[in-house]
Structure formats: structure tokens, C-alpha cells
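Take a look at the chain below. We will walk through its charged pairs, one of its pockets and a patch on its surface.

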Amino acid sequence: MPESVWTDGQKLPRFKKLYGSVKTDVLVIGGGLCGILCAYFLRKEGVDCILAEAASIGSGITCNTTAKVTSQHGFIYDKMVKSRGKELAAGYLEANEEALEEYRKLARVIDCDFEEKDAFVYSCSDRKKAEREVKAVNSLGFPADFIENTPLPFPVESAVRFPNQAQFHPLKFLSAIAEGLPVYEHTFIRGLAPHRAYSETGEIRADKIIVATHFPFLNKHGSYFLKLYQHRSYVIALKGAQDVRGMYVDEAQEGLSFRNYQNLLLIGGGSHRTGKNGGNWQELRNFANLTYPRAEEAYSWATQDCMSLDGIPYIGRYSAHTPDLYVAAGFNKWGMTSAMVSAMLLRDMVLGRENPWKEVFSPSRSLLKPQLLINGAEAFVNLLAPTKKRCPHMGCALKWNPHEHTWDCACHGSRFDADGSLINNPAVGDAKVSR
């Protein structure tokens with residue numbers, strides 16, 4: 001598999017596998033940035049906790065991010081003000097700005113290549129979208145700017161600038177905060193019962209459980225198989241390309257993103273719903289060959305994001321019927337700040353503290369969004385598709401991905417290698433895909 005710039009030469013702490021039965025106050029399932037931050041903050045509060053990771057910490061989505069730390073998540077604030085009101089939109093912005101500030105504080109004592117950068121969302125076609133977004137963000141008390149010219153190698157119609165955002169090296173950061181945490185690696189939690197979690201070699205009893213597994217795997221509660229779908233996107237890192245002096249993302253879902261790291265230009269894009277066709281790396285390489293013909297590709301990698309129905313993550317109680325089970329999911333391509341928001345919010349919920357962001361991110365909010373119909377239609381079509389190659393999660397058809405040599409599920413985004421071994425959840429087992 002292609003390797004990201006973050007994994008090259010980076011060593012992370014290693015932990016033993018769970019054998020037998022253990023007891024703790026709080027179990028965190030998932031050793032990506034979100035789960036590690038949850039365990040880190042709980043331990044700082046003196047809470048007895050354990051983290052269980054199916055593979056190695058940081059080996060999933062976290063090592064394949066572009067690592068932008070920003071409260072600017074596309075052109076979302078104009079939509080949010082109109083759909084959920086000014087108070088909730090302000091809460092979302094405040095939560096992400098506080099997450100950014102927490103990264104700043106930690107980066108003062110952690111060597112993680114933390115750099116403050118301005119963030120930009122640009123539009124190649126719609127000036128009015130940017131104007132409406134600036135007006136909405138300014139109404140929430142944040143100094144966003146309307147921009148007409150950027151250093152990007154093509155003209156844009158407009159852009160919105162968020163000052164004083166940041167970027168960093170995610171695995172250097174993760175390595176530092178994971179040191180000394182009570183972690184079990186290679187401990188794949190395949191089943192949950194009230195106050196219990198089971199792996200193939202052990203059992204963890206806990207008063208409270210946090211599911212930070214990217215896509216929640218428990219179907220019985222929460223309807224996450226309806227509320228989420230997954231999206232793949234691709235990155236190439238170029239030597240000898242330009243310094244764009246900031247972090248840029250297209251407001252269109254199929255557009256390109258740009259940011260620099262050291263002497264590299266990271267270009268992201270080629271995205272598509274998991275299990276569907278898209279531009280993948282070839283789209284990025286075609287762009288790079290035309291735009292930076294003298295540049296050299298140093299790294300390439302891909303990532304997968306959980307997309308919620310309304311562009312806001314699900315952070316809080318797993319469902320209304322599970323008082324001691326919590327979830328963090330649906331980060332919509334903005335996993336760095338969303339992971340920190342999740343850790344701060346779930347820490348307070350576990351400790352019984354009031355948190356002003358609880359309603360903003362509540363997983364129990366309304367399902368009545370247009371994306372719900374799209375997700376339902378996708379599941380219906382793939383459940384009826386005539387093939388023996390099925391996803392063990394809910395039985396949807398698997399499709400061969402010739403670019404990454406994987407079997408992908410278009411319903412919920414589970415992925416498997418050529419032999420059927422599980423790569424990405426929500427499936428909790430391998431697929432039968434013998435040819």
C-alpha cells in the first residue's frame with residue numbers, strides 16, 4: 001500500500017495484546033487520534049480507563065490525514081445558521097476554535113511541527129457563496145475575510161480566509177500523547193454487551209464505553225448505518241512545487257486541496273463515495289503533470305472519511321437508549337479538530353459535567369435530511385445486486401476497486417483486501433471473496 005509522509009520513519013509506542021479479563025471505569029475503543037485523545041484527557045482527570053485498538057495505534061485514518069487543524073470546514077456556517085440557527089452555529093465554531101487552542105497549548109511542549117497558517121475555502125464558480133459565508137461567519141463574531149486572489153496555480157472566483165489556523169505532524173503528536181497510556185493493541189473488539197466488550201482473546205468490563213472506531217460498528221442502536229456513508233480521497237506529495245502559503249480546499253466536494261509540509265506540496269482530491277468510481281491518484285497526477293511539470297512525486301496515499309447527514313459530527317450518547325455508551329463519528333473530512341472536540345465533550349459527559357456543545361453534536365438529532373434518501377437508495381441497490389461477494393456487515397454487494405486492489409462496500413464503506421481480509425470497518429470480520 002502507498003505510504004504517507006507521516007508514516008515514513010515515524011516510530012510510535014507499542015503495546016501488548018489483551019489476554020483474559022480486565023475491569024476498568026471507562027473503555028475507549030479505537031486507537032486513532034480521537035480515541036487516544038479521549039484516553040489522554042480522562043487519565044489527566046484521574047479516571048481509570050483502558051483503550052483497545054484492533055491493530056496498532058495511529059495506523060488507520062490518522063496516519064493518512066492531511067493534518068489541517070481548522071474550524072473552517074467548507075462553506076458550512078451559512079447553511080448551519082439557516083438550518084439550525086445562529087446559537088448552534090456559534091457553538092460549532094466555538095467548539096472547533098477551542099479545539100484549535102488546545103492543540104496550540106499541547107504543541108508548546110510537544111515537538112510535532114505545529115505551524116500557524118491561514119485557511120482558505122475557495123470557489124471556482126460561485127462568488128455569492130463566499131459572500132454569504134463571510135457574512136454568516138462574521139455574524140458569529142469571527143473575523144473571516146472575503147478574498148479574490150490566491151497563490152493557487154489557477155484563477156478562483158472567490159475565497160474565504162480564516163486567520164490563525166494550523167497544521168502539524170499527526171503521528172509525532174500522537175506518539176507523544178500516547179506514551180504511558182493504558183493501551184491494548186491487536187485487540188479487535190468484535191462484540192458489545194452492557195458494560196462489556198469482547199475480543200477473540202479477552203473481555204473488558206467497564207462502567208462506561210466510548211466507541212471511537214471511525215464508523216460505529218454496533219447496528220442495534222443509533223442507526224449509524226443510515227446516518228453515515230464513507231468517502232475516499234487521495235493525496236500526492238510533490239518535491240519542487242510551489243509554496244501556497246496557507247491551507248486551501250475547494251468548496252466543491254470533488255475539488256482539490258493544497259497545503260505545504262517542509263519542502264513538499266500536498267495535493268488532495270480525486271474523491272468519490274467508497275465503492276464508486278472517482279478520479280483517484282490519476283486525477284492528481286494529471287493535474288501535477290500539467291501544472292508542475294518539473295516536480296517529483298515523493299509520496300502518495302489515500303484516506304477514508306465518514307460523512308454525516310448534515311455535515312456535523314455525531315458526538316455524545318450512542319443512542320437515547322444507551323446511557324453508558326458514547327460515540328464519536330462522522331467527522332466529514334475534518335478529523336483533527338473534530339477529534340479534539342470529541343475528546344473534550346466526551347470527557348465532560350463521562351464525568352457528568354455540563355458542556356455547552358452537547359446539543360450541537362447530539363447523535364440523536366433529526367434524521368430527516370436529503371442525504372438519508374441517498375444512503376437508503378444506495379443500500380437498496382447494493383443489497384439487490386446479483387453477486388456472491390458480500391460485505392459481512394449487512395450483506396451489501398462488494399465491488400472491486402482496481403486502483404487500490406480492494407473489495408469495497410458502497411453501502412457503508414467497509415473495505416477488504418484482495419483475499420477478503422478486513423481493512424476498514426464497520427464490518428467486524430473478513431469477507432468471502434474467493435474468485
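A residue is called buried under 20% relative accessible area, exposed over 50%, and partly exposed in between. This model is predicted. Keep the cut-offs in mind, and begin with D207. Its relative accessibility is 38%, so D207 counts as partly exposed.

D207 has a charged partner. The side chains of D207 and K23 meet in a salt bridge, with 3.4 Å from N to O. This pair links distant parts of the chain. D207 sits in strand β10, while K23 sits in strand β1, residues 20–29. The two are 184 residues apart. K23 is partly exposed too, because its relative accessibility is 42%.

How many salt bridges does a search of the whole structure find? It finds 26. Another of these joins the side chains of R127 and E131, at 3.1 Å from N to O. Here the partners belong to one helix, α4, which covers residues 127–139. R127 and E131 are four residues apart, so about one helical turn separates them. R127 has 32% relative accessibility and therefore counts as partly exposed. E131, at 34%, is partly exposed as well.

Now turn to D348. Is D348 buried or exposed? It is buried, because its relative accessible area is 8%. D348 forms a salt bridge with R353, and their closest N and O atoms are 3.3 Å apart. R353 is partly exposed, with a relative accessible area of 37%. The pair does not stand alone. Salt bridges that share partners join E45, R347, D348 and R353 into one network.

Next comes empty space. Rolling a probe the size of a water molecule over the atoms shows where such space is left. The second largest pocket has a volume of about 280 Å³. Its lining has 16 residues. Nearest the pocket's centre lie A193, P194, H195, T322 and L325. Two strands, β8 (191–193) and β10 (202–211), each give two or more residues to the lining. The largest share, three residues, comes from β10. That strand also holds D207. By type, the lining divides into eight nonpolar, four polar and four charged residues.

Finish on the surface. F380, V381 and L384 make a nonpolar patch there of about 340 Å². F380 is found in helix α9, which covers residues 370–384. Why does F380 count as exposed? Its relative accessible area is 55%, and exposed means over 50%.

Methods:
Residues are numbered from 1 along each chain as its sequence is written. This is a predicted model: local features need pLDDT of at least 70, side-chain atom pairs count only at pLDDT 80 or more; totals for chains, interfaces and linings use all residues. Side-chain values use heavy atoms; hydrogens and water are left out. Patches are made of residues with over 30% relative accessible area and no salt bridge: like charges are joined within 9 Å, nonpolar side chains (Val, Leu, Ile, Met, Phe, Trp, Tyr) within 5 Å. Accessible areas come from the Shrake-Rupley method with a 1.4 Å probe; for residues, only the protein chains shown count as cover. A salt bridge is a side-chain nitrogen of Lys or Arg within 4 Å of a carboxyl oxygen of Asp or Glu. Buried means under 20% relative accessible area, exposed over 50%, partly exposed in between (1.4 Å probe, protein chains only). On a 1 Å grid over the protein atoms alone, a cavity is a set of points where a 1.4 Å probe fits but cannot get out, and a pocket is an open set with protein on both sides within 12 Å along at least five of seven lines; lining residues have an atom within 4 Å of a point. Grid points are joined across faces, edges and corners, and a volume is the space filled by probe spheres set on the points. Ala, Val, Leu, Ile, Met, Phe, Trp, Tyr, Cys and Pro count as nonpolar, Asp, Glu, Lys and Arg as charged, and the others, Gly among them, as polar.
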